[in-house]
Amino acid sequence: MARFALTRSASLVGILLGLSVVVFLLEAVVPADPVRAMVGASATPQIVEAKRHELGLDRPLPAQYAHFLSRAVRGDLSMSLYTRRPVRTDIAAFLPATVELAAAALALAFVLGGVLGLLTARGGGTPLRVGLVASASVPAFLLALLLLIVFYARLRWFPGSGRISPDLNAPTGPTGLLTIDGLLAGRLDVVRDALAHLALPALCLALGPAVALGRTLRSSLQTVLRSDHIRTARAKGLTGREVLLRHGVRPALNAPLTMAGLQVGMLLAGVVVIESVFAWPGIGLYTVRAIASFDFPAIVGVTLVMGAAYVIINALVDVAQVAADPRLRAR
Amino acid sequence: MPRRLLLPVTLLAVAVLLGSACTSSPPPPQGGQGGTLQLAYLADMAQADPDVFYDIEGNTVILSVYEGLLKYKPDSTEVIPSLAEKWEVSPDGLTYTFHLRSGVKFHDGTPFDAQAMKTSFQRRLDVGAAPAYMVQPIASMQTPDATTFVVRLKHPVAPFLHYMASSWGPKAISPKALADHAGKDHAQTWLKEHADGTGPFQLTAFERGQRYELTRFDGYWGQKAHVDKVEIRIIPDIGTQRLQLQSGDLDAILHSFPQAELESAKSNPDLQVRDFSSFLNNILYLNTNKKPLSDPALRKTLAGALDRDSLVKEVYGPYATPSSSTYPSGLLDPALAPVAYPPSETTAAAGGGSKLTFAYTADDSGVHRRLAELVQQRLDAAGFSVAIKEVQLPQVFEYVNDLQAAPDMVMQTNTPDGAHPDMWARIEWYSTGGLNYLGYKSPQADKLLDQALETTDQATSDRLYGGAGKIVARDTAIIFVADPRDVMVLRKNLTGVAHVPNYPWALDLAALQKG
């Protein structure tokens with residue numbers, strides 16, 4: 001276990017260093033003047049240069065990178081050019097919304113994917129499969145708009161944007177996840193409202209991963225169902241459902257878990273589009289703004305956090321795979 | 001729980017939670033009798049500090065919370081009293097005496113007086129951000145009594161009164177708030193997300209990336225706001241904003257409504273489409289610093305080949321007119337600096353196969369993209385070979401640093417800080433102008449602008465500004481394409497609409513009423 005943690009930590013550091021170099025190189029090859037855009041057209045050249053100097057952007061790129069690294073190891077991700085706050089503060093403010101959305105989407109993807117896999121493994125579930133595959137094949141922004149038109153504008157079942165109704169005066173901590181904070185504060189109205197706001201964006205994000213998970217689960221279940229221990233279980237007189245749930249699922253989880261790890265990356269990428277359409281105040285919205293204003297400190301910060309999240313989630317997937325299939329421990 | 005029940009129970013729990021969630025869509029909050037005005041921004045305003053804020057999105061917040069000495073009359077370029085009831089300018093154009101309104105209070109209850117105004121001016125200088133240019137010509141400030149504020153300039157500045165009326169002009173900030181939250185940065189940290197002005201609304205919530213809340217200030221000296229609250233949410237997708245407007249969850253979309261959808265909005269009985277005169281100006285910058293557009297004859301051929309008047313009609317419909325001057329309509333008599341681009345008898349060989357790169361920034365209304373595509377089509381038909389690309393504003397600001405690598409053409413829509421020709425010409429085509437993206441240089445035009453700035457007689461100064469504009473028109477370095485209207489889509493029940501041409505994308509929120 002210690003060796004596992006050590007190798008994963010080393011690869012995490014390597015990946016983060018690589019990502020930061022890529023973003024810094026991007027800054028060098030894309031000609032842009034974010035400082036001028038930041039201070040505004042009527043700023044005198046002296047004001048522009050003073051701001052450039054203050055931000056250290058008048059130094060050569062390697063020097064900027066060295067300065068960035070020396071601060072980053074202390075957890076300081078410099079100042080955002082757009083919000084003029086420390087990037088760390090910005091990320092701390094925007095990340096919980098994305099964590100909550102991604103977690104809800106992932107949970108929904110597991111449920112939908114699980115049901116899809118289980119139903120279709122035994123030859124049923126065709127309407128669900130057709131429905132999910134059709135929905136997942138629609139581009140994310142279009143699906144989001146369709147859901148909004150039907151469930152918000154027409155049926156008025158769900159709210160149209162944001163995380164929470166402003167008049168609710170929702171608790172602001174301790175986790176920043178409104179559903180959890182609502183529960184902790186005993187505010188069921190907040191939990192309900194937060195879930196209502198979560199439903200449509202989480203569904204949009206969940207559909208693609210759900211189909212991928214469901215199909216992987218189905219094919220690995222079908223393989224497992226042909227194996228010897230299943231024949232033995234059937235011979236014991238267990239029903240088809242008992243065989244599937246008790247003896248089929250666990251050995252079939254390896255491939256879907258690998259797929260889940262990969263799908264998290266897709267899901268995080270989808271966050272940018274979905275957060276824009278649903279005005280979800282998360283890291284995706286922050287990234288869109290940062291890219292539009294060439295706010296490189298913010299872009300670097302988001303890249304590092306997302307990169308770290310991806311690596312850590314995949315490490316957790318590895319742990320889950322070992323837990324689900326003890327044979328892997330021997331390898 | 002038996003394991004075989006686990007899956008059905010989990011599914012049931014999810015269904016119940018989602019089901020209960022379905023019913024929780026609350027009615028829009030209603031404060032007192034005035035109700036809550038629901039608006040949206042496409043992007044975060046970054047900050048609410050009036051001495052640093054220098055964007056368009058966010059103007060509605062700044063103008064509702066803060067006031068300056070002067071402001072503009074609705075639908076006009078006329079400067080009218082705000083915190084100054086009247087003012088005098090000395091014959092030499094150097095001394096401005098403002099007689100301040102008495103009985104005005106800041107949101108924290110501190111009385112407003114001349115000393116408070118002086119403190120706010122000084123803070124703008126000390127902060128030294130972009131809008132500081134409006135107070136930098138000041139040599140000294142005096143406060144002979146509580147309601148008299150005297151400003152002495154280093155040299156005459158023709159647009160100085162317009163600096164005072166600009167939405168980005170100096171605003172009165174409570175001296176108590178400035179002292180209490182001074183820190184080491186003149187209270188910049190605090191004022192990023194808080195406000196303490198004299199305006200008709202108080203900023204009661206600033207949730208970055210989510211929403212801002214304005215609450216009526218009952219101690220306001222003037223006509224109090226009709227609505228109790230204004231809720232401004234950040235909704236970055238214009239399609240989502242449209243859905244919310246149609247559903248009644250938004251009361252207005254103040255800008256960037258898709259041009260192609262305006263006709264269908266007009267036919268919606270719940271909506272009203274309003275368009276107002278503005279100083280917005282769509283312009284095409286040509287790179288005169290490198291081949292092929294360093295050739296003035298080719299630039300003229302290009303301008304003619306655009307068939308600009310039909311282009312404007314095709315893209316904007318009734319919501320813009322082709323520019324008649326190098327200045328946005330209303331800033332200066334168009335006859336003093338006219339432009340016209342008669343369609344030339346172009347043949348397919350007119351452009352001589354010149355390869356042109358063309359960059360434009362995208363806008364949410366879709367106008368820039370459509371314009372860029374049509375410009376490309378028309379120039380290609382006239383024998384040019386145009387490659388278009390969509391870029392972000394920071395990329396455009398970089399062009400002037402390497403004009404040989406910069407594109408041959410750039411398209412943008414800009415607006416001046418104030419309703420004065422200097423505030424347009426000096427940023428657009430002065431050789432060091434902030435929006436002179438492709439580095440056009442005319443020492444002669446620069447000289448005329450500098451003379452005009454210090455000329456106290458308005459007729460003379462207008463002639464000088466016109467002279468500078470004529471040079472730019474003659475050089476065809478910038479093609480003035482269109483004077484777009486400021487188009488807004490409002491719910492039908494919204495009345496009391498007051499708009500100032502120089503405050504784009506903004507309405508007077510205090511005057512608005514929900515029927």
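Me: Before we look at helix α11 of chain B, what is the expected span of a helix?
Reply: The expected span of a helix is 1.5 Å times one less than its number of residues. This is a predicted model, and in it the 15 residues of α11(B), residues 367–381, should therefore span 21 Å, which agrees with the 21 Å between the end C-alpha atoms.

Me: OK, and which residues of α11(B) are buried?
Reply: Those buried in α11(B) are B:V367, B:L371, B:A372, B:V375, B:R378 and B:L379. They lie on the same side of α11(B), because the arc they cover around the axis is only 135°.

Me: What covers them?
Reply: The cover over the buried residues of α11(B) includes, from chain B, the helices α9 (296–305) and α10 (308–316) together with the strands β15 (355–361), β16 (385–391) and β17 (409–414).

Me: And what comes just after α11(B)?
Reply: Just after that helix, B:G383 takes a positive phi of about 95°.

Me: Switching to chain A, where is A:G282, and is that residue buried or exposed?
Reply: A:G282 is found in the loop between α12 (254–277) and α13 (283–292) of chain A, and it counts as buried because 25 C-beta neighbours are inside 10 Å, the cut-off for buried being 20 or more.

Me: Which residues does A:G282 touch, leaving out those up to four places away in sequence?
Reply: A:G282 touches A:F94, A:A97, A:T98, A:L101, A:V271 and A:E275. Its C-alpha atom is also separated by 5.8 Å from that of A:L95, although the two residues are 187 apart along the chain.

Me: Where is confidence lowest in chain A?
Reply: Confidence in chain A is lowest in helix α2 (residues 34–39), at a mean of 77, while the mean pLDDT of the chain is 85.

Key:
Residues numbered from 1 in each chain as written. Chains lettered and ligands numbered in written order. Predicted model: local features only at pLDDT ≥ 70, side-chain atom pairs only at ≥ 80, totals over all residues. Helix = DSSP H or I, 4+ residues; strand = E, 2+ residues; numbered from the N terminus. Buried ≥ 20, exposed ≤ 12 C-beta atoms within 10 Å, placed from the backbone. Arc of directions from axis to C-beta. Contact = placed C-beta atoms within 7 Å. pLDDT = per-residue confidence, 0-100.
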